[in-house]
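Let's walk through this one together, sheet first and side chains after. Keep the viewer open as you read.

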Amino acid sequence: MKKDIHPEMREVAFKDVTSKKIFIFKSTVSSDETIEFEGKNYPLFIVDTSSESHPFYTGNFSQAKADGRVDKFNKKFGNFDN
C-alpha cells in the first residue's frame with residue numbers, strides 16, 4: 001500500500017440534534033469541533049437524524065394512504081365505459 005494516502009481512522013462522536021443522543025463510531029470523517037464524552041475527547045460530527053430520531057425506527061412512521069396505483073387509476077378512470 002502507498003503511504004500517506006489513506007485517511008486517518010479514529011473514533012468520532014456523532015450527535016443527533018433531534019434526540020441529543022451521542023454515538024461513538026470509528027470513522028474517517030473530519031471535524032474541527034470536539035466533545036468530551038464519558039471522560040474522553042472525541043471529534044464531533046452533527047447529524048440531523050439517526051436511528052434514535054427517524055420516524056421509521058421510532059415507530060412514529062405513518063402512511064398517508066394505503067391505496068395502490070391500480071386503485072388510484074380505477075378511481076380516476078373507472079367511470080369510462082367502452
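How many bridges join strand 1 to strand 4, and do the two run parallel or antiparallel? There are 4 bridges, and the strands run parallel. Bear in mind that this is a predicted model.

**The sheet**

Zooming out, we have an open sheet of 4 strands in the order 2-1-4-3, with mixed pairing. Strand 2 and strand 3 sit at the edges, each pairing on one side only. From one strand to the next, the twist averages 45 degrees. As general background, strands of a sheet pair through backbone hydrogen bonds, either parallel or antiparallel.

Here are the strand pairings side by side:

| Strands | Sense | Bridges |
|---|---|---|
| Strand 1 (residues 10-16) and strand 2 (residues 22-27) | antiparallel | 6 bridges |
| Strand 1 and strand 4 (residues 40-47) | parallel | 4 bridges |
| Strand 3 and strand 4 | antiparallel | 4 bridges |

Alanine 13 is a handy residue to click on. Its bridge partner in strand 2 is isoleucine 24, and its bridge partner in strand 4 is leucine 44. Over between strand 3 and strand 4, isoleucine 35 has tyrosine 42 of strand 4 as its bridge partner.

Now for the hairpins. The one made by strand 1 and strand 2 has 5 residues between the strands, and lysine 20 takes a positive phi there, near 65 degrees. The hairpin of strand 3 and strand 4 has 2 residues between the strands, and in that hairpin glutamate 38 has the positive phi, near 55 degrees.

**Aromatics**

How many aromatic pairs does the structure hold? The count is 4. One of them is phenylalanine 73 with phenylalanine 77, a tilted pair with 4.9 Å centre to centre and 45 degrees between the planes. Both phenylalanines lie in helix 2 (residues 69-77), 4 residues apart, which is about one turn of the helix. Phenylalanine 77 counts as partly exposed because its relative accessibility is 37%, between the 20% and 50% cut-offs.

Back on the strands, Phe14, Phe23, Phe25 and Phe45 form one aromatic cluster. Within that group, phenylalanine 14 stands opposite phenylalanine 45 of strand 4.

**Charges**

Where is the salt bridge? A search of the whole structure finds 1, and the side chains that meet in it are those of glutamate 11 and lysine 40, at 3.4 Å from N to O. This pair links distant parts of the chain, with glutamate 11 in strand 1 and lysine 40 in strand 4, 29 residues apart. Are its two members buried or partly exposed? Glutamate 11 has a relative accessible area of 34%, so this residue is partly exposed. Lysine 40, with 43%, is partly exposed too.

Aspartate 16 has another story. This residue also has its place in strand 1, and it is buried yet has no salt bridge. Which side chain of opposite charge is nearest to aspartate 16, and how far away is it? That would be lysine 20, 7.7 Å away. A salt bridge here needs a nitrogen within 4 Å of a carboxyl oxygen, so the two do not make one. What aspartate 16 does touch, leaving out residues up to four places away in sequence, is Lys21, Val47, Asp48, Thr49, Ser50, Glu52 and Ser53.

Technical notes: Residues are numbered from 1 along each chain as its sequence is written. This is a predicted model: local features need pLDDT of at least 70, side-chain atom pairs count only at pLDDT 80 or more; totals for chains, interfaces and linings use all residues. Side-chain values use heavy atoms; hydrogens and water are left out. Two strands pair if DSSP finds at least two bridges between them. Rings of Phe, Tyr and Trp (its six-membered ring) pair if their centres lie within 6.5 Å; planes under 30 degrees apart count as stacked, over 60 as edge-to-face and the rest as tilted. Buried means under 20% relative accessible area, exposed over 50%, partly exposed in between (1.4 Å probe, protein chains only). Lys and Arg count as positive and Asp and Glu as negative; His and the chain ends are not counted. Contact means heavy atoms within 4.5 Å. Axes are lines fitted to C-alpha atoms, for helices over the stretch in contact, and angles run from 0 to 180 degrees between N-to-C directions.
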